[in-house]
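Reader: I should like to learn how to read several local features of a structural model. Could we proceed feature by feature, with the general idea stated before the case?

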Amino acid sequence: MKSQTIAPKRWWFIMPIVFITYSLAYLDRANFSFASAAGINDDLGITKGMSSLLGALFFLGYFFFQIPGALYAERRSVKKLIFWCLILWGGCASLTGVVSNIPMLAAIRFVLGVVEAAVMPAMLIYISNWFTKSERSRANTFLILGNPVTVLWMSVVSGYLIESFGWREMFIIEGIPAVIWAVAWWFLVQDKPAQAKWMSESEKAALQAQLQKEQEGIKAVRNYGEAFRNRNVILLCLQYFAWSIGVYGFVLWLPSILRNGSQMGMVEAGWLSAVPYLVATIAMIVVSWASDKTQNRKLFVWPLLLIGALAFLGSYLVGSSNFWLSYTLLVIAGGAMYAPYGPFFAIIPEMLPRNVAGGAMALINSMGALGSFVGSWIVGYLNGATGSPAASYIFMGAALLASVWLTLIVKPAQNKTSPPMHGAKHA
């Protein structure tokens, strides 16, 4: 396809920057799970119920500031927005290491969520400015790979940092790279292809023409109000809410679940926590490639979420009687939950025009943040109240089953003004 040969150097210039930026954002939100498993609760006098609420507070801040962040990124500048976000979230992450009381920790977790809220929608908007429809699932996957790949190395590094120094030093050390990266980001990034000095004029023109042509095949939507009332947008909001319950219940509580299930140290828990993310990384790359090849997005979302749901329920049925079988099912659940991200975030820019797609993605992502808040809070609460992860496996499995059903009832995008482009019949 012609669009795949336009300025292939875009992949080498843009994707490493996108990956590193999201990776650092993810590092500074997910390392709280290691502090929880390493004694932050005892040191600050945090109860189990309060611990799950503190872990979840991040997502509350994240929920409220998604759409304002997307509006600024869409109408002004992704470059400026992410630059300030990097400095602020790195600072907040390091400050977590010097907290002395619960209110201070609660405030920092909430502010960290506010500062990181803009990152995901801004980066999705950035990708849609630089990559065509036939490339977008793979481009989105390189962004979101920052999530499992970060947890992969963070699980090991955080385990060693806590073992060597303590949870406070882990937070301080892991916050610094984001502030350093802000400087690199400022000098490396341009908002639009037209500003890129490393692309030829003919490459810029060809890319712009292709992106413009894709917009012609999408039914016009006047404003955000109309976009947010769109049936598919509402369904995808609910779907992502349910999906995120499973994902973040898993991410935030896996180290604690593992340590409770088998008496092990932080380094062992770190290594075992890393395995599901290695599986997820491989699955995401394969699934996004297949999705771009077939241009069928839904087919690469719901079956994988179904596998994740069944793996959680299987882990519940096995229980604590067989740690390694239960753990293997958790690895499968983790890989299956992560694999569909690339195709999922390619659905909206193919259904809605550019003027509202960024806001719609922010709305969906904010509902995901709300699901993350619910998931991380309730999973933590259930683990504390019941003394075992069994109830939380059922809860996460049921949430994933709901997301499977919601994906299935999303109707494919149909253009009413001109014939659909090749592949547009698939959602």
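The dialogue below takes up helix packing, burial, an internal cavity and a backbone angle.

Author: Please bear in mind throughout that this is a predicted model.

Reader: How is the packing of helix 5 and helix 6 described?

Author: Two packed helices are described by the angle between their axes and by the distance between those axes. Here helix 5 (residues 66-75) packs against helix 6 (residues 78-95) at an angle of about 135°, and their axes are 7 Å apart. Angles over 145 degrees would count as roughly antiparallel and 65 to 115 as roughly perpendicular, so helix 5 and helix 6 are oblique to each other.

Reader: Which residues of helix 5 and helix 6 meet?

Author: Helix 5 contributes Gly69, Tyr72 and Ala73, which meet Val78, Lys80 and Leu81 of helix 6. Sorted by class, this contact has four nonpolar residues, one polar and one charged.

Reader: How many residues of helix 18 are buried?

Author: A residue counts as buried when its relative accessible area is under 20%. In helix 18 (residues 341-351), eleven of eleven residues are buried, and the helix is mostly covered. Among the buried residues are Phe344, Phe345, Ile347 and Ile348, and also Glu350.

Reader: Is Ser291 buried or exposed, and what does Ser291 touch?

Author: Ser291 belongs to helix 15. Its relative accessible area is 0%, so Ser291 is buried. Leaving aside residues up to four places away in sequence, Ser291 touches Ser137, Asn296, Arg297, Phe300 and Pro343. Of these, Pro343 is itself one of the buried residues of helix 18.

Reader: What is the sign of phi at Gln295?

Author: Most residues other than glycine have a negative phi. Gln295 is not a glycine, yet it has a positive phi of about 60°. Gln295 is found in the loop between helix 15 (266-294) and helix 16 (302-318). With a relative accessible area of 8%, Gln295 is buried.

Reader: How many cavities of 30 Å³ or more are there, and what lines the largest cavity?

Author: The count is four cavities of 30 Å³ or more. The largest cavity has a volume of about 110 Å³. Its lining comprises 14 residues, with Tyr22, Tyr62, Tyr240, Tyr248 and Asn365 nearest the centre. By class, the lining of the largest cavity has eight nonpolar, five polar and one charged residues.

Reader: Which helices supply at least two residues of that lining?

Author: Helix 1 (9-30), helix 14 (231-261) and helix 19 (354-386) each do so. Helix 19 provides the largest share of the lining, four residues.

Notes: Residues numbered from 1 in each chain as written. Predicted model: local features only at pLDDT ≥ 70, side-chain atom pairs only at ≥ 80, totals over all residues. Heavy atoms only, no water. Axes fitted to C-alpha atoms, helices over the stretch in contact; angles between N-to-C directions. Parallel < 35°, antiparallel > 145°, perpendicular 65-115°, else oblique. Contact = heavy atoms within 4.5 Å. Nonpolar A, V, L, I, M, F, W, Y, C, P; charged D, E, K, R; others polar. Buried < 20%, exposed > 50% of the residue type's maximum accessible area, 1.4 Å probe, protein only. 1 Å grid on protein atoms, 1.4 Å probe; cavity = no way out; pocket = protein on both sides within 12 Å on 5 of 7 lines; lining within 4 Å. Points joined across faces, edges and corners; volume = space filled by probe spheres on them.
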